[in-house]
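Colleague: May we go through the structure together, beginning with the overall fold and then turning to individual elements?

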Amino acid sequence: MDHSAPGWAARLLSMVGRHRAFAAAFGVGALLRLITMLGYGPAMWFNDSYEYVSVSLHLRPHPIRPDGYSFWLMLLKPFHSFSLVIFTQHLMGLATACLIYALLRIKFRLPKWGATLAAAPVLFDAYQIQLEQLVMSDTLFTLLVVGVITLVLWKRRLSWKAGAVVGFLLALTWLTRSIGMPILALVVLYLLVKRTGWRPIVAVLTACAIPVMAYMGWFASAYGKFAMTNSDGLILYMRTAIFADCNKMEFDKYKEVQLLLLCINEPVDARKEYAQWYLWGQGSHNGTATGEVLHRWGVNKKWSEITNDAASAFATRAILSQPGDYLQVVVRDFFRSFHWARPRFPDESTYNMYQFKPYVELDENGQPKRLPKWSSYAGGRTDTDAFSYEQGPPETRIVQPWASIMSGYQQVFYLRGIMLGGILLVGLYGVAVRWRKFGGPVVLPWLGAVGLLLAPAATAEFDYRYVLPAVPLACIAAAITLRKGVTWARRSPKNASASEPTTLPV
């Protein structure tokens, strides 16, 4: 007689019984995700979504962003179901919460309610759930980042085998979003300060380098440049476009004509307040057509290596010539993350893409809005590629009453920016009181959270979806800080350790 199934079920029930608070929170989070899928199937769409889908059908390195998420879509392509894609992303969100709870409860011995509270933003934040419903890379990226931080903090002495796993996860992180590279640098620096030893660090670097180098070689075969993208310079140019003043930048008029071509012919105080318009916008502003500057190299060469390199050189010159102006826009965008209400930025259209709307959007003819008919960089067309992937209509279907439930829920239940700021301040306190240990285990997730907020502000521009991956790391740092209470007293040697384990009442 086979007792494996009852045994498995009994163990599961026993585990749920031991962790009732988290199990209840997990159940509510899963229910909210089910309601979302019922109300907004098969998926919700963002401007970047269509390119991810096109690359999964016409596989080639994308000039703007790495293809890691498209690889995931390609793996699921035989099922022809965006509902399945979204279902896996909701599982990723729930798995992220489980990692947070397991790390804090098992490794750092937080009380069950405390570890559950730290995972609550991932489980209940309406914008987190909406991000999981979008065909976008951010949910996968968040899971990978939290997985890396969890594994590094879990292992008091990282072995070379565990280092190889960390390195491979970092490679996947980097291939999913370019900001994965600073995460790699942060992890390696943490391991060096922790004096982990050269073997695990070499394992991390090697396991990360092999997939990344392979991808860059593939990119070189398509574009002739050993790189991840052809967009880093253009995006940095976008960052500087709102303040770059060519009258303050010194150019050699004979040797640097390519940089002079990138000057914007309108006064700084008359430009758009958001930088994305100078790379992605449509129409004209103050008589200047958007994209006109970048198209001076040729209409079809906006994402070419030569344009990217020139844009990078121009942006670097602007930053060095106007460091105060650059610092001002970086600080301004960084602090947009900490508003009480969500800022309507960079524009109303982008803001609305993160909203659960309880109604069907209509086009100018009063008909339900269809997907845009754009030519994709991968060689297809956005609407037909999405239809081909789904083998049916891919547009979001609004179904009541589920859509109205989530729309109303979103008006109330999300982590306010000022609350995130408070969580980060708690983590900063935890780093400060552990200054003799360079911040101890708090410093890795805290710096990761700050870095994920600061990097877009420094290299691109604020966008609300860039905030959400930083929240789990900020919660981990704050939870580790608070588990022994707030005190400036020096700990006795017998109570201190590298991973700071302790036993707390539950």
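The exchange below concerns a predicted model.

Colleague: How many helices and strands does the protein have?
Modeller: This is a predicted model, so the assignment describes predicted coordinates. The secondary structure of the protein comes to 22 helices and four strands.

Colleague: What radius of gyration does the protein have, and what would a compact globule have?
Modeller: The C-alpha trace spans about 75 × 55 × 45 Å along its principal axes. For 506 residues, a compact globule would have a radius of gyration near 23 Å. The protein agrees with this expectation, its own radius of gyration being 24 Å.

Colleague: What share of the contacts with a separation of 6 or more comes from residues 24 or more positions apart?
Modeller: As background, 54% of the 506 residues count as buried. Among contacts in the protein with a separation of 6 or more, the share from residues 24 or more positions apart is 76%.

Colleague: What part of the exposed area do carbon and sulfur atoms supply?
Modeller: The protein exposes about 23,100 Å². Of that area, carbon and sulfur atoms supply 64%.

Colleague: How far apart do the centres of the positive and negative side chains lie?
Modeller: The protein has 50 positive and 32 negative side chains. Taken as two sets, their centres lie apart by 16 Å.

Colleague: Is helix α22 largely enclosed or largely open, and how many of its residues are buried?
Modeller: Helix α22 covers residues 470-482 and reaches 19 Å from its first C-alpha to its last, close to the 18 Å expected. Its buried residues include Val-471, Leu-473, Cys-475 and Ile-480. The helix is largely enclosed by the rest of the structure, because the number of its 13 residues that are buried is 12.

Colleague: Which helices are included in what covers the buried residues of α22?
Modeller: The buried residues of α22 run from Ala-470 to Thr-481. Their cover includes α5 (82-107), α6 (112-124), α8 (138-154), α20 (417-433) and α21 (443-459).

Colleague: Is Arg-177 buried or exposed, and with which residues is it in contact beyond its neighbours within four places in sequence?
Modeller: Arg-177 lies in the loop between α9 (160-176) and α10 (180-193). Its relative accessible area is 11%, and a residue under 20% is buried, so Arg-177 is buried. Leaving aside neighbours within four places in sequence, Arg-177 is in contact with Ser-137, Asp-138, Phe-141, Tyr-466 and Pro-469.

Colleague: Against which helices do the buried residues of α10 pack?
Modeller: The 14 residues of α10 should span 20 Å at 1.5 Å a residue, and its end C-alpha atoms are 20 Å apart, which agrees. Its buried residues include Ile-183, Leu-184, Val-187 and Leu-191. An α-helix has 3.6 residues a turn, so residues three or four places apart point the same way. The buried residues of α10 pack against α8, α9, α11 (198-223) and α21.

Colleague: Which residue with a positive phi follows α10?
Modeller: Helix α10 covers residues 180-193. The phi in question is near 55°, and the residue is Arg-195.

Colleague: Which residue is joined to Phe-345 by a cis peptide bond?
Modeller: Omega of this bond is about 5°. The partner is found in the loop between α16 (323-334) and α17 (348-352). The residue joined to Phe-345 is Pro-346.

Colleague: What separates the C-alpha atoms of Pro-401 and Ile-35 in space?
Modeller: Pro-401 is found in the loop between β4 (397-398) and α19 (402-410), and the peptide bond from Gln-400 to Pro-401 is cis, with omega near 5°. With a relative accessible area of 44%, Pro-401 is partly exposed. Although Pro-401 and Ile-35 are 366 residues apart along the chain, their C-alpha atoms are separated by 9.2 Å.

Colleague: Is His-80 buried or partly exposed?
Modeller: His-80 lies in the loop between α4 (68-76) and α5, and has a positive phi of about 50° although it is not a glycine. Its relative accessibility is 33%, so His-80 counts as partly exposed.

Colleague: Is Gln-391 buried or exposed?
Modeller: Gln-391 lies in the loop between α18 (382-390) and β4. Its phi is near 55°, a positive value in a residue other than glycine. At 55% relative accessibility, Gln-391 counts as exposed.

Note on methods: Residues numbered from 1 in each chain as written. Predicted model: local features only at pLDDT ≥ 70, side-chain atom pairs only at ≥ 80, totals over all residues. Heavy atoms only, no water. Helix = DSSP H or I, 4+ residues; strand = E, 2+ residues; numbered from the N terminus. Rg over C-alpha atoms; globule rule 2.2 N^0.38 Å. Buried < 20%, exposed > 50% of the residue type's maximum accessible area, 1.4 Å probe, protein only. Contact = heavy atoms within 4.5 Å. Areas by Shrake-Rupley, 256 points an atom, 1.4 Å probe, with all protein chains shown as cover. Lys, Arg positive; Asp, Glu negative; His and termini not counted. Charge placed at Lys NZ, Arg CZ, Asp CG, Glu CD. Expected span 1.5 Å × (residues − 1).
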